Amino acid sequence: MVYGIVIFLFAIIVSKLFYLMIIQHDKYRQLADYNRIRPVLVNAPRGQIFDRNGVLIAANQSVYSVSVVRDEMRNEDDELNLLAEYIGIKREIIDLNMKKYYRGRFLPATIARDVSIKNLSLIEEHRGDLPGVNYSEFPIRLYMDKPGPQLSHVLGYLREIGRNELEKYANSDYTPGDFIGAQGLEKQYEWRLKGFKGILYYQVDALGREVGLVMDKAPIPPTPGEDLTITIDSGLQGYAEELLEGGIGSIVMMNASTGEVLAMVSKPDYVLDDFAGFIDERSWGEYVSDTTKPLLNRATLGLYPPGSAYKIITTIAALEEYKVDPLWTIECSGIYQYGDRSFGCWKPEGHGTVNLSKGLVESCNIYFYHLIQRMELDVWYKYGRMFGFDEKTGIDLPEEYSGIIPDRKYMDNKYGKHRWTRGFLLNVAIGQGDILVTPLQMVRFISMIASRGKYIQPWLVEPYQLSEEEKRDKRVNLKKSTWDKIHKMTFDVVNAFNGTAYSSRISDKKIKFYGKTGTAENPHGKPHAWFVGFAVYRSEIVSISVIIENGGHGGVFAAPIASKLIQYWFGFGDEVLTLQ
Amino acid sequence: MNQFSEKIRGIPFSWLIIAFLMNGLGLFALYSTSTYSIELSLHSRFVKQILWLIPSLAIFFFLLFISKKKIHKYSYPIFGLTFLVLFIPYITGSVAGTYRWISIGGMNFQPSEIIKWVGVVALAKYLSDYNLQIQKIHSMLIPIAIMLIPTMVIVKQPDLGSAIIIMSPLIPMLYWVGAKPFHILLLIAPIISILTAFNYYTFTIWIVGLAIILYLVRPNMKVSLINFFSNIFIGLLTPFLWNQLQPYQKERVLVLLDLNRDPYGVGYQVIQSQTAIGSGGFWGKGWQGGTQTHLKFLPEQETDFIFSVIGEEFGFFVVSILIIFAIFFIIGMIKAASKSSERFPSLVLIGIATLFMAHFFVNISMTINLLPVKGLPLPFLSYGGTFLVSCYGMLGLAMNMSVETLE
């Protein structure tokens with residue numbers, strides 16, 4: 001019996017040992033590994049961005065961030081004061097960061113980022129006074145040297161990932177403190193640019209201190225982000241930015257046959273370098289409170305009345321629907337009486353006798369007031385839709401507006417059934433009133449004019465692939481005579497002596513330059529100056545839209561910019577006309 | 001001389017070999033725990049432990065070759081002396097907040113380790129001298145007093161682990177000397193009352209069971225009633241006394257009941273110990289390959305949790321061999337006790353076997369969460385000088401007692 005007790009007691013022990021060491025072995029092995037292995041994420045280099053000629057426009061660089069391990073500091077208060085001095089930031093900021101990034105007594109907490117090499121060397125010099133202070137590399141964007149294009153709105157900026165996004169992308173490898181594309185292509189192509197983080201396995205001891213890399217578990221190297229080549233030509237972009245400098249407005253230029261966006265400018269813009277690392281609150285506040293809205297990409301989000309440039313659509317509708325005989329004329333006296341309201345022409349003294357061609361080339365409003373009264377609103381609307389108005393262009397940027405072109409339903413909704421009269425139409429006929437477009441829609445529209453109805457979709461990295469069916473459906477089929485007439489008239493706008501953009505003509509006749517000016521009235525000051533046009537040289541067609549907010553007359557202010565850019569593009573830069 | 005060679009021939013040297021093997025395994029584990037910054041200086045625990053082997057073997061050979069008669073003769077004075085030594089810490093001052101150690105020249109000496117087996121010898125002498133009266137229940141009072149008085153002092157030190165261990169040989173020795181199992185039951189009844197008192201149902205079952213046993217055995221009415229009601233009284237008093245315990249003492253008991261109640265408190269030790277052992281698997285992680293040990297997740301790894309180090313680094317295979325050794329060792333002593341023709345050596349063997357058994361069982365059990373953590377070392381394996389001396393002392397004594405000599 002005594003032996004039995006001894007054996008029984010040890011049998012209990014052996015069974016428990018067998019349970020722990022053999023049956024539950026895997027569980028405890030994992031627990032032991034979980035104890036000792038701390039996976040540390042290694043940032044993946046973000047994909048670089050090149051322009052159409054392979055010029056590097058956005059690369060990566062490292063900045064340094066400084067962190068402290070609370071347990072290793074001798075005198076926390078003194079050391080943090082010293083650090084504030086060496087790094088050149090306020091002590092309060094250090095305390096704020098300490099609160100934000102503190103994870104435990106034995107773990108590094110980031111107290112400053114974007115620390116320059118110079119300040120870092122100060123810390124290195126005083127290493128003896130700063131136990132527990134470490135620094136590490138942090139990758140940020142590096143942009144092309146200036147002078148060069150800003151390209152701010154196209155590229156967009158990165159910012160520190162927010163709590164919501166961390167939750168939203170919980171399946172991905174984001175961690176607090178990471179940067180994420182917030183605007184432009186950086187946002188649109190975030191998934192291609194970001195790459196995937198690697199993992200280093202650190203061995204930690206019971207106090208959480210790292211004691212080296214784990215030997216029996218291979219690290220996972222990071223997968224670098226994919227590089228992007230964009231359709232922008234940085235030379236053209238830089239020149240376009242320069243031409244619009246100081247003004248408020250937008251320029252979009254693209255290949256009219258393929259939809260490749262060659263330049264996209266929105267002014268005022270912002271300095272991407274300000275956002276490359278950690279933007280301080282003051283700069284951010286300045287950008288946000290600026291009434292000229294530098295963060296807004298006017299090319300896709302700026303909504304303007306198109307003004308006289310839209311007369312092309314009205315003209316096409318009239319020609320296609322047999323509403324106009326080219327020989328039909330009206331008399332322009334500079335003022336038009338409709339009911340008890342009077343509508344003016346932009347030319348107060350009047351255009352005299354005006355036919356269709358003169359109406360468009362000289363942009364006579366009175367002619368179009370007469371013309372629109374022969375048409376139904378929905379018929380007129382249909383032609384706007386054909387050329388891509390009232391819908392998004394589908395460009396590969398995260399945000400754009402579709403604008404407004406009114407149809408009967410829209411008017412009924414807005415003013416009530418039978419509450420609006422045909423008098424409203426007088427305005428929309430000349431691109432005023434209830435009609436809003438983006439500069440990008442305008443350039444797409446003029447490209448479709450240039451290519452005689454081929455459906456064009458603007459793109460920066462990757463075109464949206466249309467099926468043959470979609471291409472057929474979206475193609476604008478007009479009578480050949482209509483295309484011929486429109487081309488003739490838009491050519492005359494620039495090249496005929498009485499054309500509104502005659503002063504911006506290109507002297508070299510090898511370049512065929514077409515266009516239409518617009519001067520969009522607006523209640524807040526001078527009218528917006530518009531120009532849309534295209535140019536053919538050899539077999540290449542490029543199109544352009546220029547808008548200058550409160551710029552004045554389109555023919556005087558917008559058309560010359562288009563002219564210069566087209567000549568630059570076709571390599572006639574030296575012969576740029578200096579009119580003004 | 002003839003007598004001496006005869007004694008040599010009778011000595012079970014296999015026990016010593018097992019002790020050396022266990023001691024060696026302990027030294028391997030101890031070396032492993034200190035490899036973070038291995039310095040083979042006098043201050044390293046590995047070297048200290050080796051140096052402690054000198055007094056250990058000295059006392060081993062002394063107790064092996066001294067005549068049983070002398071042991072029998074001087075057991076009371078030595079017990080008395082050792083008992084007095086227990087009070088020295090209260091004069092010299094506390095070490096690490098307790099009165100367990102006497103500090104001499106940087107060496108810490110723990111008298112409670114010695115009193116464990118000196119007490120066994122004294123008790124053996126008492127029981128072998130007065131064996132005839134043991135049939136009566138009141139004749140158990142002096143044996144209980146011999147063990148209980150030093151126990152009280154040790155509880156005050158405080159050292160709960162040692163206190164429980166010192167009481168452990170009492171019942172086996174009483175049983176061995178012929179006490180009635182019924183009397184022993186009455187002796188341990190209060191303890192069962194205390195343990196069951198925390199739950200209304202267990203306490204009720206126990207009291208009903210006790211009543212049935214008392215009815216069946218039918219001792220005289222007075223004894224039965226006194227016993228029955230005093231047990232109920234103790235049971236009712238227990239929850240009150242429980243609240244008088246130190247929080248850490250309560251904690252240690254409670255952790256047994258719910259392992260994850262406090263993962264970074266006392267339970268932390270047990271979780272990490274189980275993780276170390278479980279992750280060792282069949283073959284272990286290899287010598288010096290234990291991550292739980294080397295990254296210091298495992299607490300008290302040189303002393304109370306040395307078994308976990310062995311489990312982690314050498315695996316189930318070596319641990320099983322270790323347990324087979326322990327069984328062989330203890331059963332060997334019990335066998336020798338039953339073979340012995342004299343009462344005194346037989347009782348000493350039983351007492352020492354119980355002490356070893358208690359140490360092995362309680363220590364290993366606490367590393368695998370079968371018992372609460374008590375702070376009790378593993379014989380021949382744990383780091384600790386006085387304990388190593390004690391182990392070899394007990395071994396020498398047991399080997400001496402197992403030899404039948406004509407004296």
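Colleague: What is the mean pLDDT of chain A, and what share of its residues reach 70 or more?

Modeller: This is a predicted model, and pLDDT is the predictor's own confidence in each residue. For chain A the mean comes to 87, with 98% of the residues at 70 or more. There is a weak patch, though: residues 575-580 of chain A have pLDDT below 50. Beyond near neighbours in sequence, that stretch makes 11 contacts in the model.

Colleague: OK, on to the sheet in chain A. In which order do its strands sit?

Modeller: To read a sheet, walk across it from strand to strand. Here you'd pass S12-S11-S19-S18-S17 of chain A, 5 strands in an open sheet with antiparallel pairing. At the edges are S12 (261-267) and S17 (512-522) of chain A, each with a pairing on one side only. From one strand to the next, the twist averages 5°.

Colleague: How many bridges join S11 to S12 in chain A?

Modeller: Pick a pair of strands and count the links. S11 of chain A, residues 249-255, is joined to S12(A) by 6 bridges, and the two run antiparallel. Want one to find on screen? Start at A:Ser250 and look across to A:Ser266 in S12(A), its bridge partner.

Colleague: Which strands does helix H20 of chain A touch?

Modeller: Helix H20 of chain A (residues 439-450) packs on the sheet and touches S11, S18 (525-537) and S19 (540-548) of chain A. Compare directions too: H20 makes about 150° with S19(A). Then there's helix H10 of chain A, residues 234-244, which lies across S11 and S12 of chain A. H10 runs at about 30° to S12(A).

Colleague: And chain B? How many helices and strands does that chain have?

Modeller: Chain B has 18 helices and 2 strands. Of its 407 residues, 44% are buried. You can also ask how far apart in sequence the touching residues are. Among chain B contacts with a separation of 6 or more, 69% are between residues 24 or more positions apart.

Colleague: Now where the chains meet. How many residues does each of chain A and chain B give to the contact?

Modeller: Look at each side in turn. Chain A gives 28 residues and chain B gives 30. On the chain A side, H1 (2-23), H2 (25-36) and S8 (198-204) each supply at least two residues. H1(A) has the largest share, 15 residues.

Colleague: What classes of residue make up that side of chain A?

Modeller: Sort them and you get 19 nonpolar, 4 polar and 5 charged residues on the side of chain A that touches chain B.

How values were computed: Residues are numbered from 1 along each chain as its sequence is written. Chains are lettered from A and ligands numbered from 1 in the order in which they are written. This is a predicted model: local features need pLDDT of at least 70, side-chain atom pairs count only at pLDDT 80 or more; totals for chains, interfaces and linings use all residues. Two strands pair if DSSP finds at least two bridges between them. Helices (H or I, at least four residues) and strands (E, at least two) are DSSP runs, numbered from the N terminus. Axes are lines fitted to C-alpha atoms, for helices over the stretch in contact, and angles run from 0 to 180 degrees between N-to-C directions. Two residues are in contact if their C-beta atoms, placed from the backbone, lie within 7 Å. A residue is buried if 20 or more other C-beta atoms lie within 10 Å of its own, exposed if 12 or fewer, and partly exposed in between; C-beta atoms are placed from the backbone. Ala, Val, Leu, Ile, Met, Phe, Trp, Tyr, Cys and Pro count as nonpolar, Asp, Glu, Lys and Arg as charged, and the others, Gly among them, as polar. pLDDT is the predictor's confidence in each residue, from 0 to 100.
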